[in-house]
Amino acid sequence: MAEQWDAIIVGSGAGGGTAAHVLTKRGWNVLVLERGQAKTAEDFLPFDELHFWGHKSLIPHITSDPMVYIDPTGKRVLSERWWEVNAVGGSTMIWDANFPRYTDEDFAVKQYMKDVPNSDDMVDWPWTYDEFIPYFEKAEWDWCVSGDAQRSEERMRPGYQYPMPPLKPHASTDFLVSAFTSARLKPYFGARAINSEDYDSRPACPFCGFCQLFGCAVNCRSNSANTVLRSAVSTGRCEVRTSHYVTRVDFERGKNGSSGKVKGVICVTRPGGPEIFLAAPRVIVSVQTIQSARLFLLSQIPDADKLIGHFLTYHTKGEAHFTFKAKPVWDKGPAYQPKTAVGSLQLRGMYTYADKDGVRRKGGKFSVYDPYTCITPLHLIKSASLGKLRTNLWGKDLVEYLHELRSQGGVSVSFTGEAISKYENRVELDDQVKDPWGVPVARTYYRHDKWDQDLSRLALDTVSDAVTNAGGELRRYEAQGEANPGYGHVHGALRAGKDPAKSVLDENCQSHSVKGLYVLDAAFMPTAGASNPSITLIANAYRVCETM
Amino acid sequence: MWTYKRPSGPFLTPNEKKQVSALFEAILPGSSTNPGATDAGAADYLELLLAMDESEYYEIPKWKLLYRDGLDMLSKQSFAKYGRPVDELKSDELTNLLAALSDGALQGFPNADWQKNFFSIVRGHCIEGCFSDPRWGGNHKGVIWAWYGYPNGPSRPWKPKTEA
């Protein structure tokens with residue numbers, strides 16, 4: 001039987017699943033190739049932090065399938081890809097399902113970077129937030145988002161609402177909203193792709209506490225497999241093949257060698273197995289920023305301007321924990337506390353901010369948690385800390401920390417901020433280490449600019465002031481350092497843009513040099529932006545696939 | 001469902017386990033107001049963990065070597081400083097020994113980084129022995145969880161067993 005597909009989709013995660021859904025709705029036949037296996041909710045039972053998180057059973061093993069990182073001193077380090085899942089659904093199987101949108105300030109960032117040293121490579125995106133709004137809305141409805149769009153600090157179309165109301169607020173919510181409002185940090189309930197009620201034939205979240213970094217055993221948190229891919233497969237026009245590892249994109253070179261047209265993909269189904277060629281007029285790659293760039297390098301996609309892999313970005317991050325001596329522990333029981341991000345509290349007051357000269361600068365946003373209810377115990381207690389200089393606690397100090405956790409209310413904040421794009425931050429193919437299939441692994445070079453590090457400290461200090469004014473005491477403070485061996489908020493490396501001399505992909509995320517080759521994960525992003533990337537990369541996939 | 005792999009090959013000797021027990025109690029000491037590593041049976045956890053192999057977790061074979069060498073070197077330092085094995089040290093002596101290990105300041109080890117790494121792994125395993133699911137052999141009867149207030153509050157007061 002002749003197998004004829006309108007597109008081959010490499011990767012079954014956020015971008016790949018969305019592509020399959022949109023294209024099959026348009027009547028296309030698609031083939032989705034996934035390196036890993038299918039997982040069901042039941043695979044994540046029984047609940048167990050040690051097995052799933054401690055023993056890293058959901059992510060590639062650093063001993064056999066690492067990434068190489070060259071740190072700022074030039075030292076070679078093996079990096080564990082804790083944010084990558086090789087399974088149907090990809091990293092959506094372990095994400096926190098945090099869905100804030102990139103907005104005007106992300107699409108047009110240059111205005112905030114005037115006279116910032118080393119910021120010449122920051123560019124405006126070739127689209128506007130307004131152009132993306134309809135696609136955000138489609139994405140939020142298909143991916144089953146809960147929240148209150150009418151009270152969002154992200155600019156929304158008037159009258160728009162998410163399919164489900166917000167998750168149950170945490171016991172700390174009223175107090176924290178009041179404290180953050182007084183400090184003008186703009187608290188609001190952000191969008192989550194988690195059921196706040198029974199919806200889409202899946203149950204409401206019971207707040208089991210096994211959320212970020214765990215698979216969802218309840219099937220209440222959205223992933224590619226239980227939303228868009230499920231819908232694509234049900235049309236009868238989408239086939240998913242597991243154990244199919246695409247090792248290169250096959251294309252016909254043009255006369256001058258600097259351009260081409262896609263023919264299909266080469267894949268293997270087991271280490272040492274024979275190469276299989278699968279043909280299609282379009283190939284859509286979506287295997288996570290660094291891996292997509294790696295696939296372009298393995299495929300030797302023509303790259304006259306030496307851009308493939310360059311302008312890799314990680315978000316600037318920062319984390320701080322606090323305790324409130326005057327507040328009893330939030331979780332008095334017996335009712336379940338919502339263990340998913342304190343009912344999704346977000347802070348947007350520093351998305352842009354006025355610097356000391358009154359100039360408007362780009363910043364970032366915070367997710368707010370209660371460490372005691374939201375972070376599983378091994379994870380929380382291994383990083384036990386009673387202040388900036390009292391870390392990795394043991395003995396009496398550890399007991400003091402535990403007493404505090406179980407008797408006093410706390411709060412923790414996680415910062416996601418803009419980062420300066422640098423040409424030298426990049427992905428290459430390593431010349432020494434190969435993965436279990438014999439394919440060279442990715443090697444990254446990355447340093448955060450001083451601007452990133454200063455922003456992280458400024459953001460953490462601003463929140464720290466607000467929390468201490470409300471009676472909090474600092475317990476943990478981790479600002480962005482220069483090195484970054486890897487992080488889940490990863491974008492760039494296959495920059496999209498109008499000018500073929502300055503970008504790898506065009507405005508429709510098609511390769512400038514190989515026709516029919518598209519990229520739909522976050523590798524297309526011209527700059528880092530300052531929100532969790534997921535819903536924006538998904539919205540982009542809708543945008544590209546509706547007119548492909 | 002994933003399946004808990006039953007351990008197959010015992011590794012820690014009874015003497016090694018006694019030393020681990022003492023080290024763990026120093027890392028998470030019990031008192032009249034909180035259960036500690038001994039109450040949790042955290043050393044039972046490590047005994048079972050090291051009887052497993054890389055099919056559960058790829059670092060287990062490396063840890064076996066680490067504990068065999070590390071416990072031996074620590075024991076020699078305990079005798080050198082105090083004339084007694086680790087499990088017979090007084091509480092402040094053991095605290096001092098562990099503090100030196102965590103700083104990389106002891107003699108008789110390959111280097112400072114080796115000590116810091118060993119300490120970090122011992123500390124991590126103590127926490128696992130106390131806070132992981134009882135199926136792994138530690139956190140006996142969920143005693144640490146109950147006091148901590150996991151998986152749901154309220155945290156319960158600690159009632160130490162009275163001496164017989």
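Me: How many residues of chain A are in contact with chain B, and how many of chain B with chain A?
Reply: This is a predicted model, so take the contacts as computed. On the chain A side, the elements giving two or more residues are α2 (49-54), α10 (377-382) and α11 (396-407). By class, that side of chain A divides into 13 nonpolar, 8 polar and 8 charged residues. The contact joins 29 residues of chain A to 27 residues of chain B.

Me: How is chain A divided, and what distance separates the domain centres?
Reply: Domain 1 of chain A takes 1-40 + 79-143 + 222-314 + 422-444 + 489-548, and domain 2 takes 161-208 + 316-417 + 447-483. They touch through 22 residues from domain 1 of chain A and 24 residues from domain 2 of chain A. The domain 1 side of that contact has 10 nonpolar, 8 polar and 4 charged residues. Taken over C-alpha atoms, the centres of the two domains of chain A are separated by 31 Å.

Me: Where does the largest nonpolar core lie with respect to the domains of chain A?
Reply: That core has 113 residues, and those with the most contacts inside it include I8(A), V10(A) and V283(A). Helix α13 (residues 534-546) of chain A gives the largest share, 8 residues. Domain 1 and domain 2 of chain A both give residues to this core, so it lies between them.

Me: Which residues does V283(A) touch, leaving out those up to four places away in sequence?
Reply: V283(A) is one of the residues with the most contacts inside the largest nonpolar core, and so are I8(A) and V10(A). Once sequence neighbours up to four places away are left out, V283(A) touches I8(A), V10(A), V249(A), V262(A), G264(A), V265(A), G516(A) and L517(A).

Me: Which strands stand at the edges of the 5-strand open sheet of chain A?
Reply: The order in chain A is β6-β2-β1-β10-β25, with parallel pairing. Neighbouring strands in this sheet are turned by 20 degrees against each other on average, ignoring direction. Two strands have a single partner each, so one side of each is left without a neighbour in the sheet: β6 (238-241) and β25 (517-519) of chain A.

Me: What stands opposite V10(A) in β2(A)?
Reply: Strand β1 (residues 7-10) of chain A runs parallel to strand β2 (residues 30-33) of chain A, and 4 bridges join them. V10(A) is also among the residues with the most contacts inside the largest nonpolar core. Across in β2(A), the residue opposite V10(A) is L33(A).

Me: In the sheet with mixed pairing, which strands are at the edges?
Reply: This is an open sheet of 4 strands in chain A, ordered β4-β3-β21-β20. Its neighbouring strands are turned by 35 degrees against each other on average, direction ignored. Pairing on one side only are β4 (76-79) and β20 of chain A.

Me: What angle does helix α7 of chain A make with β20(A)?
Reply: Helix α7 (residues 289-298) of chain A packs on the mixed sheet. There it touches β3 (67-70), β20 and β21 of chain A. Its direction makes an angle with that of β20(A) of about 70 degrees.

Me: Which residue in β21(A) is the bridge partner of R426(A)?
Reply: Strands β20 (residues 426-434) and β21 (residues 440-445) of chain A pair in the antiparallel sense over 5 bridges. In the same pair, E428(A) stands opposite R443(A). On its other pairing, β21(A) runs parallel to β3(A) over 3 bridges, where I70(A) faces the residue asked about here. The partner of R426(A) is Y445(A).

Me: Is F311(A) buried or exposed?
Reply: F311(A) has a positive phi of about 65 degrees although it is not a glycine. It lies in the loop between α7 and β11 (313-314) of chain A. A residue needs 20 or more other C-beta atoms within 10 Å to count as buried. F311(A) has 27, so it is buried.

Me: What is omega for the cis peptide bond between L45(A) and P46(A)?
Reply: P46(A) lies in the loop between β2 and α2 of chain A. The bond joining L45(A) to P46(A) is cis, with omega about -5 degrees.

Technical notes:
Residues are numbered from 1 along each chain as its sequence is written. Chains are lettered from A and ligands numbered from 1 in the order in which they are written. This is a predicted model: local features need pLDDT of at least 70, side-chain atom pairs count only at pLDDT 80 or more; totals for chains, interfaces and linings use all residues. A nonpolar core is a set of buried Ala, Val, Leu, Ile, Met, Phe, Trp, Tyr and Cys residues joined through C-beta atoms within 7 Å. A residue is buried if 20 or more other C-beta atoms lie within 10 Å of its own, exposed if 12 or fewer, and partly exposed in between; C-beta atoms are placed from the backbone. Domain bounds come from an automatic or database domain assignment. Two residues are in contact if their C-beta atoms, placed from the backbone, lie within 7 Å. Ala, Val, Leu, Ile, Met, Phe, Trp, Tyr, Cys and Pro count as nonpolar, Asp, Glu, Lys and Arg as charged, and the others, Gly among them, as polar. Two strands pair if DSSP finds at least two bridges between them. Axes are lines fitted to C-alpha atoms, for helices over the stretch in contact, and angles run from 0 to 180 degrees between N-to-C directions.
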